[in-house]
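Reader: I should like a close look at one part of this model. Please describe in detail how its strands pair and how the helices beside them are placed.

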Amino acid sequence: MKLATKIQKSMFLVIVVALSLAYGSFVFIVYNQSIHIAKNQIVEQAIYVKNLLNNTENLLNTIDTALFNTRITVIDSTGKVLYDTNKGIDFENHLQRPEIQEALQKGIGQDIRTSSTLKEKFLYYAEQLPNGNYLRISRSYESVWVITLKFLPIIFITGLIMFGFVIIFSRYKTSKIIYPINKIDLSNPLANQNYDEIMPLLTKIEKQNLEQEALNRMRKEFSANVSHELKTPLTSISGYTELIKNGIAKQEDIQKFSSRIYDEAQRLIELIDNIILISKLDEEKISYNKENVNLFQLAVDVCNRFTEQVTQKNIHIQLTGEKIHIQGIPSILDEMLQNLIENAIKYNKENGEVKIWIGKTFNKNKIIIEDTGIGIDKKYHERIFERFFRVDKSHNSKTGGSGLGLSIVKHAAQLHNMQIAIESEEQKGTKISLTF
């Protein structure tokens with residue numbers, strides 16, 4: 001259902017209910033007022049007839065009842081009907097009639113009920129006469145409804161006019177309400193200040209726009225970086241294979257060129273594997289079959305892989321702490337530790353040091369990896385976990401790497417509910433803490 005139609009129906013319903021209540025109240029007031037007027041008229045007629053009876057004893061036979069549009073009854077003290085304008089009816093004793101009983105006690109009595117004799121609803125007024133008899137004036141209750149029903153055509157016509165006005169007015173107001181909403185600039189939602197009620201929605205749209213812009217920018221950067229990272233080793237492979245293919249390479253260089261082709265191919269495989277891994281982590285397609293993992297032993301295994309690199313740069317690795325067991329995904333935790341330790345070695349100085357501590361602090365499992373390397377400027381601390389981000393691209397071109405390592409670390413930490421903290425300063429080393 002369209003919003004405009006929904007608003008219009010709601011407005012129409014509210015106004016219809018309001019009009020119905022108003023008309024119902026009006027009919028109720030008119031009806032009660034008619035009853036009040038009828039009661040007053042009966043009392044006045046009773047006074048008039050009583051005065052006539054006091055002056056002329058046999059005047060009842062000559063009263064023109066059409067003048068009063070009422071029924072006149074005279075009842076004696078025993079309840080016998082002495083006179084009634086409806087002649088020819090055999091009346092039963094009226095002493096127990098409510099209005100007569102009330103007149104017996106108070107001098108006057110009133111009641112509204114259906115006549116057991118005429119089977120019609122009447123307004124009754126009874127008054128005790130000086131001679132002990134009772135004068136009763138009654139008027140058809142239906143006449144009250146007749147008065148009320150006289151107003152129904154006016155009410156009906158007025159209602160039709162009002163309903164027509166309601167339809168036109170609701171359509172007009174709905175269009176006025178909807179118009180600013182239809183004109184909202186979704187590319188710049190906060191510039192629309194029409195209704196306070198939709199500001200939370202506009203704020204949410206603005207947030208989504210910013211997130212979408214950031215995502216688009218990230219995708220462009222990702223595409224550009226992937227293209228660059230793939231192109232570099234492919235260019236090297238293509239160049240070396242072309243030299244060998246065309247016979248330009250010397251026989252003694254073929255072994256060296258083959259080795260470089262292999263290295264570049266391995267670099268490509270590693271890059272593609274990392275891209276696939278990050279994509280799986282992003283889409284949460286990693287298998288969640290967690291196992292009991294000994295973090296300390298895992299760190300020992302990872303450190304042993306870097307024996308050659310450590311020897312080349314004369315770097316000392318110090319692994320301390322205690323055996324810590326957690327529930328995790330071994331392959332992801334292995335990848336995470338490998339990236340962190342590799343960075344600590346790769347970006348370290350000659351004769352540098354890497355300290356790894358695994359243990360518990362305040363009943364929380366923790367990993368701390370600290371190096372004496374080149375460090376990272378504080379302004380880059382929040383960006384180093386972005387994909388392909390490099391603090392110094394010229395330096396990275398020498399040390400190698402795809403710029404995906406710390407991004408994998410971030411995703412792995414999120415997957416294992418870890419918090420990452422970094423402390424680093426240029427030329428003073430880096431300290432990364434992982435708290436489970």
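Author: Glu 291 has Gly 328 in strand E8 as its bridge partner. The model is a predicted one, in which local features need pLDDT of at least 70 and side-chain atom pairs count only at pLDDT 80 or more, while totals for chains, interfaces and linings use all residues. Residues are numbered from 1 along each chain as its sequence is written, and side-chain values use heavy atoms, with hydrogens and water left out.

Strand E6 (residues 291-294) and E8 run antiparallel and are joined by 4 bridges; two strands pair if DSSP finds at least two bridges between them. Helices (H or I, at least four residues) and strands (E, at least two) are DSSP runs, numbered from the N terminus. In E8 (residues 325-328), Ile 326 and Gly 328 point to one face and are buried, whereas His 325 and Gln 327 point to the other and are not. Buried here means under 20% relative accessible area, with a 1.4 Å probe and protein chains only. In a regular strand the side chains alternate between the two faces of the sheet.

At the N-terminal end of helix H7, Asn 294 acts as the cap, with a side-chain oxygen 3.1 Å from the backbone nitrogen of Phe 296. The buried residues of H7 are Leu 295, Phe 296, Leu 298, Ala 299, Val 302 and Cys 303. Because they cover an arc of only 160° around the axis, they lie on the same side of H7; the arc is that of the directions from the helix axis to the C-beta atoms.

An open sheet of 5 strands follows the order E7-E9-E10-E12-E11, with mixed pairing. Its edge strands, E7 (316-321) and E11 (419-424), each pair on one side only. From one strand to the next the twist averages 10°. E9 and E10 run antiparallel and are joined by 8 bridges, and Ile 358 stands opposite Ile 367 in E10. Helix H9 packs on the sheet, touching E7, E9, E10 and E12, and its direction makes about 25° with that of E10. Axes are lines fitted to C-alpha atoms, for helices over the stretch in contact, and angles run from 0 to 180 degrees between N-to-C directions.

Ile 341 touches Val 302, Cys 303, Phe 306, Ile 356 and Ile 369, not counting residues up to four places away in sequence; contact means heavy atoms within 4.5 Å.

Terms used. Buried means under 20% relative accessible area, exposed over 50%, partly exposed in between (1.4 Å probe, protein chains only). A polar contact is a pair of N or O atoms within 3.5 Å; within protein, one must be able to donate a hydrogen and the other to accept it, and residues adjacent in sequence count only if both atoms are side-chain atoms.
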